[in-house]
Amino acid sequence: HQPLVEENYIFAYNGEIYNYQDLSKKYFKKAYKSDTNLFFQLLISGQKDKIKNCSGFFSYVLLNKSKMIISGGRDVLGKKPLYYFVDEDYAIFASEEVAILKLLDSKLKVNKKSLISYLYFKSIFFGNTIFNGIKELPPGSNFTFDIKKWKFEKEYNWHNYYSLPLKKSIKPEF
């Protein structure tokens, strides 16, 4: 049942954490009934660094109402998308471009460079989308949006690609 709401927080999450039961016992000494609840508790309890131990895929957005800060991110492989649109009037975050377009009454124009990229390579690169102004948060990235200052900042965690536990188990002869 989402969004999850607590006194100072509103949380939306898209994904699946396969080892959430083990992690909930390890970090909170209790069994959470859902991966969403575990993920939420890791964020609001200041244990965001423990997310790297989550086995699965996700994207999320968290509003801290007391600090007026929105934060969010994606897993290192980026299976679940997270799109955003920020200008002087709007800050919109969604798992689909269509949701942003509906809120803006489809006033955005097609990004011609992205369209050419899609037609030529069957892909759109560098966090762009087919619409001007809508961006996709890159895999393994986080963001914070300070509502009071109206400031959006991204943090790239691309070093995580090279520190995946899988790397240590792959044998060179394989």
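# Exercises on strands, rings and surface

In this structure, Glu16 stands opposite Phe57 in S3. The model is predicted, and the exercises below work from its computed geometry.

**Exercise 1. Set out the pairing around strand S3 (residues 56–64), and state whether this strand is mostly buried or exposed.**

Solution.
1. Start with strand S2 (residues 9–17): nine bridges join S2 to S3, and the two run antiparallel. The facing of Glu16 and Phe57 gives one point of register.
2. Go on to strand S4 (residues 69–74), which is antiparallel to S3 and joined to it by six bridges. Here Tyr60 faces Gly73 in S4.
3. Look at the connection. S3 and S4 make a hairpin with four residues between them, and Met68 in the turn has a positive phi of about 60°.
4. Apply the cut-off for burial, under 20% relative accessible area. Seven of the nine residues of S3 are buried, so the strand is largely enclosed by the rest of the structure.

**Exercise 2. Give the strand order of the open three-stranded sheet that contains S5, and name its edge strands.**

Solution.
1. The order is S6-S5-S7, and the pairing is antiparallel.
2. Strand S6 (91–94) and strand S7 (135–136) each pair on one side only, which makes them the edge strands.
3. For the contact of strand S5 (residues 83–86) with S7, count the bridges: there are two, and the strands run antiparallel.
4. The register can be read from Tyr83, which stands opposite Glu136 in S7.

**Exercise 3. Classify the ring pairs Phe93–Phe143 and Tyr120–Phe121 as stacked or edge-to-face, and compare the settings of their residues.**

Solution.
1. A pair of aromatic rings is described by the distance of the centres and the angle of the planes. A search of the whole structure finds 19 aromatic pairs.
2. For Phe93 and Phe143 the centres are 4.8 Å apart and the planes differ by 5°. Planes under 30 degrees apart count as stacked, so this pair is stacked.
3. Place these two rings in the chain. Phe93 belongs to strand S6 and Phe143 to strand S8 (residues 141–146), so the pair ties together parts that are 50 residues apart in sequence. Phe93 and Phe143 are buried.
4. For Tyr120 and Phe121 the ring centres lie 4.7 Å apart with the planes at 90°, so this pair is edge-to-face.
5. Tyr120, with 65% relative accessibility, is exposed. Phe121 is also exposed, at 51%; the cut-off for exposed is over 50%.

**Exercise 4. Which residues form the aromatic cluster that includes Tyr60, and where does the charged end of Lys79 sit?**

Solution.
1. The cluster consists of Tyr9, Phe11, Tyr13, Phe39, Phe40, Phe58 and Tyr60.
2. Tyr60 has already appeared as the partner of Gly73 in S4.
3. The charged end of Lys79 sits over the ring of Phe57, at 5.5 Å from the ring centre.

**Exercise 5. Find the members of the nonpolar surface patch that contains Phe126, and give its accessible area.**

Solution.
1. The patch is formed by Ile116, Tyr120, Phe121, Phe125 and Phe126, and its accessible area is about 690 Å² together.
2. Locate Phe126: it is in the loop between helix H4 (112–121) and S7. Its relative accessibility is 80%, so Phe126 counts as exposed.
3. Recall the edge-to-face pair of Tyr120 and Phe121; these two residues are among the members of the patch.

**Exercise 6. Examine the phi angles of Lys122 and Trp150, and say where each residue lies.**

Solution.
1. Most residues other than glycine have a negative phi, and most peptide bonds are trans.
2. Lys122 has a positive phi, near 65°. Lys122 is located in the loop between H4 and S7, and at 64% relative accessibility this lysine is exposed.
3. Trp150 is not a glycine, yet its phi is positive at about 55°. Trp150 lies in the loop between S8 and strand S9 (151–156).
4. With 35% relative accessibility, Trp150 counts as partly exposed.

**Exercise 7. Describe the setting of Lys112, and give the distance between the C-alpha atoms of Lys112 and Phe131.**

Solution.
1. Lys112 is part of helix H4. Its relative accessible area is 66%, so Lys112 is exposed.
2. Along the chain, Lys112 and Phe131 are 19 residues apart; their C-alpha atoms are separated by 8.5 Å.

Technical notes: Residues are numbered from 1 along each chain as its sequence is written. This is a predicted model: local features need pLDDT of at least 70, side-chain atom pairs count only at pLDDT 80 or more; totals for chains, interfaces and linings use all residues. Side-chain values use heavy atoms; hydrogens and water are left out. Two strands pair if DSSP finds at least two bridges between them. Rings of Phe, Tyr and Trp (its six-membered ring) pair if their centres lie within 6.5 Å; planes under 30 degrees apart count as stacked, over 60 as edge-to-face and the rest as tilted. Buried means under 20% relative accessible area, exposed over 50%, partly exposed in between (1.4 Å probe, protein chains only). A charge sits over a ring if NZ of Lys or CZ of Arg is within 6 Å of the ring centre and within 35 degrees of the ring normal. Patches are made of residues with over 30% relative accessible area and no salt bridge: like charges are joined within 9 Å, nonpolar side chains (Val, Leu, Ile, Met, Phe, Trp, Tyr) within 5 Å. Accessible areas come from the Shrake-Rupley method with a 1.4 Å probe; for residues, only the protein chains shown count as cover. A salt bridge is a side-chain nitrogen of Lys or Arg within 4 Å of a carboxyl oxygen of Asp or Glu.
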